[in-house]
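Hi,

Here is the structure I said I would pass along. Have a look at it first, and my notes follow underneath.

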Amino acid sequence: MNLGRYAPFLDRCAAVGPRATAVAWPCSVEALGGALAAQEAGLIHARLVGPEETIRALAERHGLELGAAEFEPADSPVKAARRAVALAAAGECALILKGSLHTDELMGAVVSREGGLRTGRRVSHSFVMDAPAYPKLLHITDAVVNLAPDLAAKRDIIQNCADFAAALGTELPKAAVLSAVEFVNPVLRSTLDAAALTVMARRRQITGALVDGPLAMDLALSADAARVKGLTSPVAGDADILVAPDIETGNALFKILQQLAGATAAGVVLGAKVPVVLTSRADDARTRLVS
């Protein structure tokens, strides 16, 4: 399996040893296959939360080896989500992997005020994109969880992603706060938020990242575009993180990169007590593995 730019990270994880992982409702061949591939690679020890008989039959039908995987009974996706969260909250699992249930079913349990995995920070999502035309991995946040984040939420979204990028080895990640233009326009809220976030980073309300915005997409990714437009920026042309103004922009952006640029999108939820691997039900086993 070609793991591209993700290979060094999987090697690092394998060196740490397998982590107990609650796999919520692995009732499709893609969901089960991805979890078992991660287990075979030495990344996780799978605790399969769902109907054991159904999961065993699925594995047998598709020739999947369950290995040392354990079972946690649950007879519905919602109950599987709650059980997975309970295992993580009790310290029995170090992370959660989404199976073939809906995102809102799992995230509803994760952010529940009773028994959930909330912290003092806003929960957000980051895609780590391996796009062949870009010279390094590229984070896109938030394209999944936060629909129309306000300024305070965007601050947490950037901080979550900056901490994550640093954990992956980027010493001072560069975050481009996206808008349609590179100048503040009082009519366009995304430019106001971007300017405020830039100042917040300079005053250490956001730490561990260079933050600049508003930046249009071409300026975030192309030094030539910044030069032609006469823009001086510590981030332009070299972004590690693209901060979307809303979920519609972020979702369209990562799917365009997938469908038209051949990019792989590994995804994880940040800001909860444990990482939550939140893949699409349509993702193949490779995407689930690298996530």
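**The core, the pockets and one helix**

The largest nonpolar core has 30 residues, and the ones touching the most other members are Tyr-6, Leu-32, Leu-48 and Leu-66. Two or more residues each come from α1, α2, β2 (44–50), α3 (52–62), β4, β10 and α11. The top contributor to this core is α2, with 4 residues. Do keep in mind that this is a predicted model.

On to the pockets. The largest one holds about 930 Å³ of space. Its lining runs to 34 residues, and if you want to find its centre, look for Cys-13, Leu-95, Phe-164, Pro-275 and Ser-291, which lie nearest to that point. The elements giving two or more residues to this lining are α1 (7–16), β1 (19–24), α2 (29–40), β4 (95–98), α6 (151–167), β10 (264–270) and α11 (285–290). So what is the lining made of, in terms of nonpolar, polar and charged residues? The split is 25 nonpolar, 6 polar and 3 charged.

The second largest pocket has about 310 Å³ of space. It is lined by 18 residues, with Thr-103, Phe-254, Thr-279, Ser-280 and Arg-281 the closest to its centre. Both α5 (103–110) and α10 (247–261) put at least two residues into the lining, and the largest share, 4 residues, is from α10. Here the lining divides into 7 nonpolar, 6 polar and 5 charged residues.

Last, a few things about α6, which is one of the elements lining the largest pocket. This helix is 17 residues long and spans 24 Å from its first C-alpha to its last, close to the 24 Å expected at 1.5 Å a residue. Which of its residues are buried? They are Ala-153, Lys-154, Asp-156, Ile-157, Ile-158, Gln-159, Asn-160, Cys-161, Ala-162, Phe-164 and Ala-165. Among these, Phe-164 also turns up in the list of residues nearest the centre of the largest pocket.

Both ends of α6 are worth a click too. At its start, a side-chain oxygen of Asp-150 comes to within 3.3 Å of the backbone nitrogen of Ala-152. Just after the helix, Gly-169 has a positive phi of about 115 degrees.

That's what I have for now. Shout if anything is unclear.

Cheers

Conventions:
Residues numbered from 1 in each chain as written. Predicted model: local features only at pLDDT ≥ 70, side-chain atom pairs only at ≥ 80, totals over all residues. Heavy atoms only, no water. 1 Å grid on protein atoms, 1.4 Å probe; cavity = no way out; pocket = protein on both sides within 12 Å on 5 of 7 lines; lining within 4 Å. Points joined across faces, edges and corners; volume = space filled by probe spheres on them. Nonpolar A, V, L, I, M, F, W, Y, C, P; charged D, E, K, R; others polar. Expected span 1.5 Å × (residues − 1). Buried < 20%, exposed > 50% of the residue type's maximum accessible area, 1.4 Å probe, protein only. Polar contact = N/O pair within 3.5 Å; in protein donor to acceptor, adjacent residues only side chain to side chain. Core = buried A, V, L, I, M, F, W, Y, C linked by side-chain atoms within 4.5 Å.
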